[in-house]
Structure formats: structure tokens, C-alpha cells
Amino acid sequence: MNTSLSSVFLFLTIFTSLQFPSILSRKLTPSSYSTSIFDVSASTNQALDALSIKPKPLQNHSHLPNSPFSLPLYPRLALHNPSYKDYNTLVRARLTRDAARVQFLNRNLERSLNGGTHFGESINESLIGDSITAPVVSGQSKGSGAEYLAQIGVGQPVKLFYLVPDTGSDVTWLQCQPCASENTCYKQFDPIFDPKSSSSYSPLSCNSQQCKLLDKANCNSDTCIYQVHYGDGSFTTGELATETLSFGNSNSIPNLPIGCGHDNEGLFAGGAGLIGLGGGAISLSSQLKASSFSYCLVNLDSDSSSTLEFNSNMPSDSLTSPLVKNDRFHSYRYVKVVGISVGGKTLPISPTRFEIDESGLGGIIVDSGTIISRLPSDVYESLREAFVKLTSSLSPAPGISVFDTCYNFSGQSNVEVPTIAFVLSEGTSLRLPARNYLIMLDTAGTYCLAFIKTKSSLSIIGSFQQQGIRVSYDLTNSLVGFSTNKC
């Protein structure tokens with residue numbers, strides 16, 4: 001009897017291990033996790049519901065825990081919904097902002113590699129608590145160039161503003177009164193900050209250490225003047241100052257450098273400014289001397305929120321890969337990626353395809369501002385070919401806009417599609433849920449493969465691919481972590 005029972009248990013163990021491989025095993029093999037089920041109905045319904053989202057009023061997030069420094073992070077529609085005529089119009093607006101963002105990233109890198117950029121050491125010696133966190137909101141509702149916005153407190157007494165968290169730039173700034181002229185401040189959701197109303201606001205001199213950390217600085221009556229130009233023609237300029245910034249209801253940090261913009265033009269409309277989270281010495285993460293920061297981006301079509309956090313622990317189930325530095329350009333945060341797999345099979349590209357060369361070109365960054373991931377033409381064509389080969393049973397649709405691989409999912413509730421994954425160091429793979437690589441383009445049921453080929457050497461993992469994934473930067477150990485369903 002005991003022998004018989006042992007045989008049964010052995011059979012069940014083997015059967016279970018074959019049919020339900022452990023979700024904790026992240027090693028990708030040719031036969032595991034090769035396909036994903038895409039919930040067409042859920043995706044379509046959420047997209048259509050996005051048109052009727054009612055923007056949230058400005059809130060004081062005093063309910064946030066006092067332990068970590070945390071900021072609420074929202075998708076754009078959650079704060080501002082300009083009543084798009086239809087979903088097609090909403091998508092076009094996003095793609096326009098997305099193109100401008102990628103143009104900025106490429107031009108900024110090109111300008112830096114051509115010389116003239118100075119990077120110094122972080123000079124803020126302030127000690128901060130064990131963890132800092134701020135809520136993150138999507139930027140669409142604010143009219144800014146980015147799709148997510150974080151709420152942060154500025155000055156004393158504290159006033160709340162929605163700023164765009166930007167992992168691709170360093171200067172933290174917000175619009176300030178007085179505007180240089182009638183048309184030099186764009187319309188934003190919050191009242192424009194008046195530095196005269198804050199007792200903790202203090203302009204910096206031209207000889208200050210913070211001023212010397214700027215990429216481009218001028219001087220006006222011994223006041224440091226910052227300038228940041230973005231690739232789409234947008235720009236901000238004003239005085240550099242120190243100010244107190246508040247995170248949730250937990251901590252306020254004094255004497256942090258912040259740009260007070262009196263002349264701001266471009267795609268920022270809506271958000272009060274930007275939170276610089278790049279790798280430069282003037283960025284907020286550098287000035288806080290943070291050991292880490294992380295964020296999780298909720299679905300673009302959602303009205304929910306997540307958090308932007310500083311000095312919080314990386315989730316224990318995170319997949320990690322080295323955080324790579326570009327010695328020629330410190331602002332962008334690169335991650336080590338050695339390949340991409342489709343349907344469980346690694347694409348035939350070199351493991352060094354995403355490395356940075358001696359001139360500072362190449363590499364792949366995780367960017368909070370770009371929506372759709374960009375891949376070099378040869379990599380994209382390889383991915384597209386493999387995906388199309390494995391989706392021959394699906395109904396094709398004509399390409400739309402920048403997307404050339406599209407399908408007609410009208411009338412379908414679920415479809416099975418090949419899984420796409422980024423292969424990280426040591427063979428672990430970040431498997432994307434199907435909703436993170438199939439984007440709805442219209443109400444007729446057209447979905448397209450959400451990757452765009454680029455002539456640039458810079459590859460980008462965009463926010464659409466990051467939805468629902470907590471991205472953690474361990475700055476002490478130079479690691480990037482990815483943990484799914486951690487918003």
C-alpha cells in the first residue's frame with residue numbers, strides 16, 4: 001500500500017512539474033513560456049473607458065505611509081482629460097508627444113557627445129531618511145510631453161504641484177511667477193508657483209557649486225540662470241535656487257537645487273515642471289544622495305495611481321541586470337540587455353548589440369518619458385519577422401502610422417500570441433505581458449506590435465512596455481530591477 005501511494009505521489013509530482021512550471025523560475029528555455037494569452041476584451045474596454053475618465057482634483061496625500069519617502073504617480077488622463085473626439089485622436093496625440101520625446105533624447109545625446117557638457121560631483125550633503133517616496137500620475141491629463149506626473153510639495157509653507165518624473169534629464173524645475181511675458185508660461189493644472197510666497201526659497205549665485213553642475217548656465221546680476229532645451233523645440237529658462245521639497249506626509253528636505261522657470265515653452269503644458277531623475281550630479285536622486293529609487297507605471301488608460309519612491313527596498317522577486325554607465329554622457333540610465341526572445345527563442349542578434357561603444361553611441365535605456373520602445377532597424381526587423389511567423393493564424397490588418405505589424409482582433413475575446421522578452425544578464429528574461437506589446441490603435445479592433453524601429457544607435461525601453469512593472473534603480477550596487485504587478 002505504501003509503495004502504491006509513493007508511486008501515485010511521484011506521478012503527481014512529475015505531472016505537476018511538467019504542466020505547471022514554477023513561476024519563480026525566471027530562466028527562459030526554448031519550450032517554456034513561449035506564448036501568452038492576450039485579453040482583447042479587457043484591453044478594448046479599458047481603452048474605451050479612458051475617454052470618460054473624470055480627472056481627479058488636487059489632493060493632499062497625507063494618507064501615505066510615513067516610512068518611505070513616496071510621491072503619488074498618476075497617468076495623464078487621471079488628472080486632465082481634454083475630451084478627445086475618439087480613441088484614435090487620443091492615440092495620435094500620444095504618438096506626437098512620443099516622437100518629440102525621442103527626438104529630445106537623441107539630440108541631447110548627440111549634443112553631449114559632440115563636446116561641451118560638464119559633469120561634476122554631487123554637493124548636497126543633506127542626510128535623508130531611510131526611504132523617500134512620491135506618488136506618480138500619468139502626464140497625459142496635464143498636457144505635458146510625458147504621460148505620467150508625480151505630486152510633490154514645494155516650499156514653506158508647502159504647496160503641491162504635479163511634475164513629470166524624467167529619467168532622461170537632470171534638472172528639476174517648475175514654472176514660476178512672474179512670467180517673462182504674457183506668452184512665456186504655458187497653461188498648467190496647478191497655480192503657478194510664486195517664490196515670494198515661500199520662506200525657504202533662496203536663489204543661487206553664479207559661483208555656487210550647484211550652478212557649476214549645470215550643463216548650460218548663464219549669469220544675471222550674480223544669480224545663476226539655468227537653461228534646458230528639448231529636442232522638439234521646447235525649453236525652460238530661469239534662475240537656479242535652493243528650495244524645500246516635501247515627499248508625501250513623511251519628510252521635507254531643505255536646500256535642494258531647483259530651477260524656477262520664468263520662460264517655458266513647448267509640450268509641458270499641464271504639468272508644473274519636471275523632476276530630474278537622470279544620472280547627472282544635479283539630478284534629484286544625486287542631490288538627495290539616494291541609495292535607490294523606483295517607480296511603477298500604471299496602465300496609460302487607467303485613472304489609478306502608483307508611487308515614485310526613494311531609498312525603498314527593491315522587491316525580493318525582482319529580476320536584476322547591471323546599471324550601465326556611459327562615460328561620455330552621464331544623464332541616461334542604461335541597462336545591460338543581451339538579447340530579445342520571441343516565442344521562447346532568442347533572436348539571432350549579437351549579445352553585444354546593445355552595448356555602448358567607445359564613442360558613447362549604442363546601449364539601451366529604460367525611459368519614463370518615451371511611450372513606445374525603440375529598437376535599431378536590424379533588431380526590429382528580426383523581432384518583427386519572428387513575431388509574424390508565429391502569428392500566421394491571426395487576421396492581419398493594414399499598418400497604421402508608425403506601426404507596420406497590425407492585426408484585426410474585432411469580435412475576439414482572447415488571442416494567443418508569442419511571448420516577447422528582454423534577455424538580461426546571466427540568462428534571466430523579463431517576459432512582457434501581451435498587453436505591454438500589443439497596442440490598440442482604433443475602435444475597429446486594430447492592434448499593432450508596439451515597437452518602433454529607429455535609425456538611431458540608442459535603443460529605448462518605453463513606458464508602454466513598463467506598464468505594471470516596478471522599475472528599481474539600486475544606485476549603491478549599480479543594478480536595475482524589474483518586478484511585475486508591483487504598482
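Two strands are taken as paired if DSSP finds at least two bridges between them. In the predicted model, β21 and strand β22 (residues 406-408) meet this criterion, with two bridges in the antiparallel sense. Within this pair, alanine 397 lies opposite cysteine 406 of β22. Both strands belong to an open sheet of four strands, ordered β21-β22-β27-β26, with antiparallel pairing. The edges of this sheet are occupied by β21 (396-397) and β26 (438-440); each has a single partner strand, so one side of each is left without a neighbour in the sheet.

Another open sheet comprises four strands in the order β18-β17-β24-β25, and its pairing is likewise antiparallel. Its edge strands, β18 (345-346) and β25 (429-431), each pair on one side only. Helix α6 (residues 377-389) packs on this sheet and touches β17 and β24 (420-424). The direction of α6 makes about 25° with that of β17. Strand β17 (residues 337-342) is joined to β18 by two bridges, and the two strands run antiparallel. Here valine 342 stands opposite lysine 345, a residue of β18.

For the protein as a whole, seven helices and 31 strands were assigned. Of the 487 residues, 57% are buried. Among contacts with a separation of 6 or more, 73% are between residues 24 or more positions apart. The accessible surface of the protein amounts to about 20100 Å², and carbon and sulfur atoms account for 52% of that surface.

Definitions and conventions. Residues numbered from 1 in each chain as written. Predicted model: local features only at pLDDT ≥ 70, side-chain atom pairs only at ≥ 80, totals over all residues. Heavy atoms only, no water. Contact = heavy atoms within 4.5 Å. Axes fitted to C-alpha atoms, helices over the stretch in contact; angles between N-to-C directions. Buried < 20%, exposed > 50% of the residue type's maximum accessible area, 1.4 Å probe, protein only. Areas by Shrake-Rupley, 256 points an atom, 1.4 Å probe, with all protein chains shown as cover.
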